[in-house]
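Q: I should like to learn how to read helix packing, burial and the nonpolar core from a set of coordinates. Could we work through one case together?

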Amino acid sequence: MNTKKKSEGFSVRSVVATGIGAAVFFVLMKFIAIPTGVPNTTINVAEGWLALIAGLFGPVVGLLVGFIGHTLNDAVTYGSPWWSWVIADGIFGFLLGLGEKYLALEYGNLSNKKLIQFNIWQVVSNIIAWFIIAPIGDILIYKEAAQKVFLQGAVTAVVNSLSVAIIGSLLLVAYVKSRPKKNSLRNE
């Protein structure tokens, strides 16, 4: 049994990925958000980025990138974080990161089947985060009206699912194409 691996904890690679991932997430969320017409909801391209980061580095990095990036955006944009949605973004990143080992992106092989299954999982994750966690958090923390927050949650779940399906899938495919396939030989 290799005890060294267990005692390492959060690697330097994971810390760097978290910092860079959260910074890019913040920039994308702050500057590339398209209004939906429903108050306080946008089409958010940052969620596609989160899919790539969580798919590469796993659930803990996904959670931290979503949580930190969303916290920074809210603090800069609104003066303080809207915690129910910050938590939902963190949980969304965590859920996406659960697919890291299944996707195995570092080996340069992403089949159509894996991509379809990933997109089914991300839609389920979006529903959990945005149609369940965020609205319930809004009701419990901020005493918001249920009808309003469930409408916002439903719209956000749909537009984030589309963002991840399009942007996230493109990023995953582009990353995999940039990697050598597992067991491939290279001539130098």
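A: Let us begin with burial. The model is predicted, and at 27% relative accessibility F150 counts as partly exposed, because buried means under 20% and exposed means over 50%.

Q: In which helix is F150 found, and with which residues is F150 in contact, leaving aside its neighbours within four places in sequence?

A: F150 belongs to helix α8. Leaving aside neighbours within four places in sequence, its contacts are F131, P135, I136 and I139. As for V123, 27 residues away in sequence, its C-alpha lies 16 Å from that of F150.

Q: Does G55 count as buried or exposed?

A: G55 has a relative accessibility of 1%, which is under 20%, and therefore counts as buried. Its place is in helix α3. Residues up to four places away in sequence not being counted, G55 touches E100, L103 and L105. The C-alpha atoms of G55 and L95 are separated by 9.9 Å, with these positions 40 residues apart along the chain counted as their separation.

Q: How should one approach a nonpolar core, and which residues of the largest one touch the most other members?

A: In soluble globular proteins, nonpolar side chains tend to be buried together. Here the largest nonpolar core has 32 residues, and L105 and W130 touch the most other members. At least two residues of this core come from each of α2 (12-31), α3 (46-57), α4 (59-78), α5 (83-97), α7 (112-142) and α8 (146-178). The helix that gives the most is α3, with eight residues.

Q: With which residues is L105 in contact, leaving aside its neighbours within four places in sequence?

A: With those neighbours set aside, L105 is in contact with G55, L56, L110, L172, Y175, V176 and R179.

Q: How is a pair of packed helices described, and what is the case for α2 and α4?

A: Two packed helices are described by the angle between their axes and the distance between the axes. For α2 and α4, the axes come within 8 Å and cross at roughly 40°. That angle makes α2 oblique to α4. The crossing in which α2 passes α4 is right-handed.

Q: Which residues make this contact, and how many of them are nonpolar, polar and charged?

A: From α2 the contact takes S14, A17, T18, G21, A22, F25, F26, M29 and K30, while α4 contributes V61, L64, V65, G66, I68, G69, H70, L72, N73, V76 and T77. By class, the contact of α2 with α4 has 11 nonpolar, eight polar and one charged residues.

Definitions and conventions: Residues are numbered from 1 along each chain as its sequence is written. This is a predicted model: local features need pLDDT of at least 70, side-chain atom pairs count only at pLDDT 80 or more; totals for chains, interfaces and linings use all residues. Side-chain values use heavy atoms; hydrogens and water are left out. A nonpolar core is a set of buried Ala, Val, Leu, Ile, Met, Phe, Trp, Tyr and Cys residues joined through side-chain atoms within 4.5 Å. Buried means under 20% relative accessible area, exposed over 50%, partly exposed in between (1.4 Å probe, protein chains only). Contact means heavy atoms within 4.5 Å. Axes are lines fitted to C-alpha atoms, for helices over the stretch in contact, and angles run from 0 to 180 degrees between N-to-C directions. Angles under 35 degrees count as roughly parallel, over 145 as roughly antiparallel, 65 to 115 as roughly perpendicular and the rest as oblique. A crossing is left-handed if the near helix is turned anticlockwise from the far one by less than a right angle, and right-handed if clockwise. Ala, Val, Leu, Ile, Met, Phe, Trp, Tyr, Cys and Pro count as nonpolar, Asp, Glu, Lys and Arg as charged, and the others, Gly among them, as polar.
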